Amino acid sequence: LTQEVDGVIYYFIDNEYYFAGDRIYGDWYWDLEKFCFFCYAALSALPVIGFRPDLIHCHDWQTGLIPVLLKDRFAGGEFFRGIKTVMTIHNLKFQGKWNVRDVEDITGLSGYYFTPDKLEAYKDANLLKGGLVYADAITTVSPTYAEEIKTQFYGEGLDGLMIARAHDLRGIINGIDYTDFSPDNDKKIPQPYTVDEKCFMIGIVSRLTDQKGFDLIAYVLEEILSLDAIQMVVLGTGEERYENMFRYFDWKYNDKISANIYYSDELSHKIYASSDAFLMPSLFEP
């Protein structure tokens, strides 16, 4: 399947066996098998569609097998020779770990790859580690996080590898496009406008999880909403306790907070456009 948007051609890989259903993630073993298939399919499709990229940009453990395969199954042919890879870490906590025997079977890789200097970590196979070992460059979501993951506290067991690859590791700041989302310019809101100076509007668009620091919001939410000239709008889904927390405060302070427990790209644009401040604490930076 293909689609062209703004001059860019997008290719979609489909497989009803793996990709049918109502959710992206299931149980761990199934996810490992599914994303390993995706890595093989993405590389195998390139000669078929006649597209030879200079660089393949891989994101998180789900694509960690691609840099490995380019050094293994796909290393022999002229087509793939010289293709570079960059591995982006969005959250080092999620690594794609399973026992070595099953991952050998799923990936088709030989035992050569399942050693501590390659895909093995603490006696398990680790797909993210494979990508980080074999990628030509590594990026993550900010310069600060790139430094944090070299430490034991934030390194999730891979800090030694991050230190070893420090020369190839760069942090690129992650954030919003101020041009696209500015309310006087945003094409996805009904009417361009400038903000009301008399009311301070706080926006939250997020997964509602511990990692995002919602415990910190819970401690101060009552205090924030008791202030004059404050409004808050929330958009997102996640852990039930946080969903219910925002529903409760929407009921209690209905004129000051709007809880929208779902996701909508259209509504997210309206929230970004109307907010004076975007509230996003975090237990750790991703």
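Reader: Where is Glu156 found?
Author: This is a predicted model, in which local features need pLDDT of at least 70, side-chain atom pairs count only at pLDDT 80 or more, and totals for chains, interfaces and linings use all residues. Residues are numbered from 1 along each chain as its sequence is written, and side-chain values use heavy atoms, with hydrogens and water left out. Helices (H or I, at least four residues) and strands (E, at least two) are DSSP runs, numbered from the N terminus. By this assignment, Glu156 is found in the loop between α6 and α7.

Reader: Is Tyr122 buried or exposed?
Author: Tyr122 is not a glycine, yet its phi is positive, at about 55 degrees; its place is in the loop between β6 (120-121) and β7 (124-126). Buried means under 20% relative accessible area, exposed over 50%, and partly exposed in between (1.4 Å probe, protein chains only). Because its relative accessibility is 65%, Tyr122 counts as exposed.

Reader: How many helices and strands are there in the protein?
Author: The protein has 286 residues, of which 44% count as buried. Its C-alpha trace spans about 65 × 45 × 40 Å along the principal axes. The elements in the protein number eleven helices and 13 strands.

Reader: Which helix gives the most to the largest nonpolar core?
Author: A nonpolar core is a set of buried Ala, Val, Leu, Ile, Met, Phe, Trp, Tyr and Cys residues joined through side-chain atoms within 4.5 Å. The largest has 43 residues, and Leu43, Leu65 and Leu132 touch the most other members. Elements supplying at least two residues each include β3 (55-59), α3 (65-70), β4 (84-89) and α5 (127-134). With seven residues, the helix that gives the most is α2.

Reader: Which residues does Leu43 touch, not counting those up to four places away in sequence?
Author: Contact means heavy atoms within 4.5 Å. Leu43 is one of the residues that touch the most other members of the largest core. Beyond four places in sequence, Leu43 touches Ile56, Ile66, Leu69, Leu70, Phe74 and Phe80.

Reader: How do the residues of the contact of α2 with α4 divide into nonpolar, polar and charged?
Author: The axes of α2 and α4 are 10 Å apart, and the helices pack at an angle of about 35 degrees (axes are lines fitted to C-alpha atoms, for helices over the stretch in contact, with angles from 0 to 180 degrees between N-to-C directions). Tyr29, Leu32, Glu33, Cys36 and Tyr40 of α2 meet Asp102, Ile106 and Thr107 of α4. Ala, Val, Leu, Ile, Met, Phe, Trp, Tyr, Cys and Pro count as nonpolar, Asp, Glu, Lys and Arg as charged, and the others, Gly among them, as polar. The contact therefore divides into five nonpolar, one polar and two charged.

Reader: Which strands stand at the edges of the open sheet that contains β10 and β11?
Author: Two strands pair if DSSP finds at least two bridges between them. Four strands form this open sheet, and their pairing is parallel. Each edge strand has a single partner, so one side of each is left without a neighbour in the sheet; these strands are β12 (257-260) and β13 (277-278).

Reader: Which residue of β13 stands opposite Ile202?
Author: Strand β10 (residues 200-205) runs parallel to β13, and two bridges join them. Helix α11 (residues 265-274) lies across both of these strands, running at about 145 degrees to β10. Opposite Ile202 in β13 stands Ala277.
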